[in-house]
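Welcome! Let's take a short walk through a protein model together, following a helix and what surrounds it.

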Amino acid sequence: MLIVIGALPATGKTTLARLPAAQIGGVHLRVDTIEQAIVRSGLAQHPLGPVGYLVGYAQAEECLHQRLTVIA
């Protein structure tokens, strides 16, 4: 199952997603975390454009193939 949460910045999306992900043994994917890792690697700088989302999509797909619930 894929659950997508969307809202404006700083409205509590991460807070909302973490608890159910932990309770059901699901995976919480956060594009900000992905983008921060890419920037820290030195491979790119902000703004990244769609790169973080494309990595997130690939990670979500892999988790879904493993029959894990993904909250993004």
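Which residue just after α3 takes a positive phi? It is R67, with a phi of about 65°.

This is a predicted model, where local features need pLDDT of at least 70 and side-chain atom pairs count only at pLDDT 80 or more, while totals for chains, interfaces and linings use all residues. Residues are numbered from 1 along each chain as its sequence is written, and side-chain values use heavy atoms, leaving out hydrogens and water.

Now look at the helix. Helices (H or I, at least four residues) and strands (E, at least two) are DSSP runs, numbered from the N terminus. The 15 residues of α3 should span 21 Å at 1.5 Å a residue (1.5 Å times one less than the number of residues), and its end C-alpha atoms, 21 Å apart, agree with that.

In α3, G52, G56, A60 and C63 are buried (under 20% relative accessible area, with a 1.4 Å probe and protein chains only). They cover an arc of only 65° around the axis (taken from the directions from the helix axis to the C-beta atoms), so they sit on the same side of α3. Their cover includes β2, α2 and β3. The face turned away from this buried side carries L54, Y57 and H65, which are exposed (over 50%; partly exposed is in between).

Two residues can be set side by side:

| Residue | Place | Relative accessibility |
|---|---|---|
| L64 | helix α3 (residues 51-65) | 32%, partly exposed |
| T69 | loop between α3 and β3 | 18%, buried |

Leaving aside neighbours within four places in sequence, T69 is in contact (heavy atoms within 4.5 Å) with M1, I3, I24, G26 and V27.
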